[in-house]
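User: I am new to this structure and would like a close look at a single part of it, the place where the two chains meet. Please set it beside the contact between the domains.

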Amino acid sequence: MVDSKQQWKAWIYLAPAIVLLLLFTVWPIINTVSMAFLEGYSGLTKVGGETTFRLGIGNFTRVVGHPDFRQALLNTVLLCVLTVPISTVLALLIAVALNSIKPLQKALQTIFFLPYVTNSIAIGMVFAAMFNVIGSIGTRRPMIVSYGVVNDIIRFFGGNWVNWINSGSEYWANMFVMVVYIVWNALPFKILVLLGGLQSINKQYYDAAKVDSTPRWRVLTKITVPLLSPMLAYVVITGFIGGFKEYTSIAGIFGENMGPAHDAGRMNTMVGLIYDSLEKDNQGGASAAALILFGIILVVTLINLWVSKKRTHY
Amino acid sequence: MKIVLKNLTKIFPSRNKKAGEEVIAVNNFDFTIPDGKLIGLLGPSGCGKSTTLYMISGLQKPTSGQIFFGDDDVTELSTENRGIGLVFQNYALYPHLTVKQNILFPLQNLRGEDKMTKQQMLERAYEAAKLVQIEELMDRKPSELSGGQQQRVAIARALVKMPRVLLLDEPLSNLDARLRLQTREEIRRIQKETKITTVFVTHDQEEAMSISDMIVVMKLGVVQQIGKPQEVYDSPENLFVAKFLGTPPINVFEGEIKSGKLYIGEAAVLETPGIDDQPVHVGIRPEGFILDDNGPLKCKLNNVEVMGRDVSIVSTHTASQNPQVRSIIDADNKIDPDTEEVRFALKPHKTFIFNKDTEERIFIEEK
């Protein structure tokens, strides 16, 4: 216990952190909430621009009613629903495989971890190059300079090339590229967490399983996964939170258009919507969108926690 | 199912390559474990007893030598295919499964013609649970059980698939003293009922002696002696075995053979015809002393502990290798705790002579 006479010392030690938190976290949150509920807030005048200072839910109705909102919400939810399960299962399999081999384990671990320390815009550009088709597409006589690495591979095996991300591309093709990119980008962190979890499981459970002639698949599903369930829950929850905040990956591939050239904004996400609103000097709308996103993440996380409490075992 | 161990050897390569010192955990273990018997592998830690057990289980591969279950050579057979039951020292119960699910687990792994219906599995699981008396705990998780109960669940899980061989690794070490006594009787009872050839590992000689049909005493990877517990106790083949078995432990003296007589200090305590003159170790079991006013062995009396059934006399002797000489005599003998000196005669069959250098037993010819 801190001596009450010494308490001021404790406060001094805490002061830098508290000041920074108040300034850059608490105050912006309060500000966001107040801006979202102020009618006609303008960043220039600081007060309701239309007539008077007035509270209301106009920002929310306008954001929800905005033509881009539904698309952004759909994109965000779709990305989450597709990428989180895929990346979690892949990460689990890779982590189990990594854990079961002895030679090169450290080297492979490093390779799998590289995307984590690489700038996501740079990765996005690399991905864009892999999927980019350069030339004139869709004209009567297309002039194509490069099909991109992925199409080269498809053509090598005799398939038809696909317009992944360029003007005139289909929505599913755009979504496919995004899912591949986000899954790949999400793997390292998940592998790291799961590998750590795997290495802390007592080897005796596996010896016991061996004695009981347990088939490999059953060892994975009945022993490894349940014993790893706290880690899996953590990975899924953070995965969903990260997924709902997806933005840079899309900007990295499609640029600030947030979509192929012929249909800008088609791949926009919730966070993209917030940035768009800010660019249009619509802080009220951006704040409202941010609060809506916060609400969605909160609900999804609560559901996740509720499910994981039922499914994790200890 | 008898288990045959043929020249079984396990060498662990040295971790430090420069030092190049490999560890011979088990050295040339040769033994046939008879069918349906309970065998105790006994020795201090690091003697290779657990390694031997794990080689029988298949979790560790022998460096050389062979293992047979009955007539089948299982040396190269993986653990999965050996059909053994193993109870781990820490039980290794799956923490996320209930007791019932834990016991069912090995049955659910059965494939092919051994595959059972759900009903059959449940019946077998309850049979096993009944054997170890945990039927009322079937829906609990392992974390909700006491150590003794976990132990029983582990045994039930090992027994449920009717293994050819049951292996127990220090099965009682995590239990408190009372539970230990109770559980070892349980193990004995279960083994008798199931008649499964059982090998268990322990460092507690009392435990091994009390329930085993045969014990194997090991030291530094080398088998010292194999036999029925009483035989090994009554006739140890070397000083290590003599010292390791028995509570209170055997009393060891410096002695000498001179012209057919065994001397401890100045006193000739025993006739030893036909043994060459040489310095020796003399081991005398605590119950090998006879209180005798004219006895040859004179000790300085420290104190007398009365324990009801018998009396423990604690004394000292200059030739003793232990700080104290502890003898146990019948409580009918009266001894005055204030006397300075206490004199003993020795029972010849409780007195063992060992070579000074090799520490091997020198047998006295029966007259």
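Analyst: What follows describes the contact between the chains, and then the contact between two domains.

The model is predicted. Where chain A and chain B meet, the contact takes 18 residues from chain A and 22 residues from chain B. About 1900 Å² of area is buried between chain A and chain B, and carbon and sulfur atoms give 59% of that area. On the side of chain A, Q204(A), V211(A) and D212(A) stand out: they supply 33% of the area that chain A buries against chain B, more than any other three residues.

D212(A) also has a part in a salt bridge. Its side chain meets that of K161(B), at 3.4 Å from N to O. The count between chain A and chain B is 1 salt bridge, so this pair is that one under the cut-off of 4 Å between a side-chain nitrogen of Lys or Arg and a carboxyl oxygen of Asp or Glu. Polar contacts between chain A and chain B number 9 residue pairs, with both residues at pLDDT 80 or more.

Which elements of chain A each supply at least two residues of the side that touches chain B? They are α8 (203–211) and α9 (216–244) of chain A. The largest share comes from α8(A), with 7 residues. Sorted by class, the side of chain A that touches chain B has 9 nonpolar, 4 polar and 5 charged residues.

The other contact lies inside chain B, which is divided into domain 1 (3–243) and domain 2 (249–362). The contact takes 9 residues from domain 1 of chain B and 13 residues from domain 2 of chain B. Taken over C-alpha atoms, the centres of these domains are 38 Å apart. The area buried between domain 1 and domain 2 of chain B is about 1000 Å², with 51% given by carbon and sulfur atoms.

Between these domains the count is again 1 salt bridge. The side chains of D234(B) and K350(B) meet in a salt bridge, at 3.7 Å from N to O. Across the interface of the domains there are 7 residue pairs in polar contact, both residues at pLDDT 80 or more. On the side of domain 1 that touches domain 2, the elements that give two or more residues are α7 (229–234) and α8 (239–244) of chain B. α8(B) gives the most to that side, with 3 residues. The residues of that side of domain 1 of chain B divide into 4 nonpolar, 2 polar and 3 charged.

Technical notes. Residues numbered from 1 in each chain as written. Chains lettered and ligands numbered in written order. Predicted model: local features only at pLDDT ≥ 70, side-chain atom pairs only at ≥ 80, totals over all residues. Heavy atoms only, no water. Domains from an automatic or database assignment. Contact = heavy atoms within 4.5 Å. Buried area = accessible area lost by both parts, 1.4 Å probe. Polar contact = N/O pair within 3.5 Å; in protein donor to acceptor, adjacent residues only side chain to side chain. Helix = DSSP H or I, 4+ residues; strand = E, 2+ residues; numbered from the N terminus. Nonpolar A, V, L, I, M, F, W, Y, C, P; charged D, E, K, R; others polar.
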